[in-house]
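Grab your viewer and work through these short exercises. Each one has a task, then a solution in steps.

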Amino acid sequence: MRIRDLSALGARVEAERLPTPGMIVCLQRGNAVVFGVMAWREENQGGILFDEELDAQLFGPGSKEAEEAAAAAATRKSLETEQERLRRTLN
């Protein structure tokens, strides 16, 4: 699985096979682990909403993940909107 966009609230990922929306998922990099819910899936891409805000230090400054996180800051609002939609769907 590749992380395409990363923010404090979630990630857009890409893989041949992805979990069904609503399933609990886990992303791991080294010893860093974050849990979330698969919010959406379209073909080979999907969105994960994290259970709690991601600590940017987990991915270290200067890393590819940190660069992706900075680039994904613009997508934060859409992730917040998707998180709210998912909450309404699950409740």
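**Exercise 1.** With which side chain does the side chain of aspartate 5 make a polar contact? Then work out whether aspartate 5 counts as buried or exposed.

*Solution.* Keep in mind that you're looking at a predicted model.
- Start by finding aspartate 5: it sits in strand β1, which covers residues 2-6.
- Next, look for its partner: the side chain of arginine 12 makes the polar contact, at 2.7 Å.
- Now the burial call. The cut-off for buried is under 20% relative accessible area. Aspartate 5 comes in at 19% relative accessibility, so it counts as buried.

**Exercise 2.** Describe how strands β3 and β4 pair, and look at what links them.

*Solution.*
- Get the ranges: β3 runs over residues 24-29 and β4 over residues 32-42.
- Check the direction: the pairing is antiparallel, with six bridges.
- Pick a facing pair: leucine 27 lies opposite valine 34 in β4.
- Finish at the turn: two residues lie between the strands of this hairpin, and glycine 30 takes a positive phi near 60° there.

**Exercise 3.** Zoom out and sum up the chain: what is its pattern along the sequence, and what percentage of its residues count as buried?

*Solution.*
- Count the elements: you should get two helices and five strands.
- Put them in sequence order: β-β-β-β-β-α-α.
- Go to burial: 38% of the 91 residues count as buried.
- Turn to the surface: the chain exposes about 6,000 Å², and carbon and sulfur atoms supply 48% of that.
- Close with contacts: taking those between residues at least 6 apart in sequence, 49% join residues at least 24 apart.

Terms used
Residues are numbered from 1 along each chain as its sequence is written. This is a predicted model: local features need pLDDT of at least 70, side-chain atom pairs count only at pLDDT 80 or more; totals for chains, interfaces and linings use all residues. Side-chain values use heavy atoms; hydrogens and water are left out. Helices (H or I, at least four residues) and strands (E, at least two) are DSSP runs, numbered from the N terminus. Buried means under 20% relative accessible area, exposed over 50%, partly exposed in between (1.4 Å probe, protein chains only). A polar contact is a pair of N or O atoms within 3.5 Å; within protein, one must be able to donate a hydrogen and the other to accept it, and residues adjacent in sequence count only if both atoms are side-chain atoms. Two strands pair if DSSP finds at least two bridges between them. Contact means heavy atoms within 4.5 Å. Accessible areas come from the Shrake-Rupley method with a 1.4 Å probe; for residues, only the protein chains shown count as cover.
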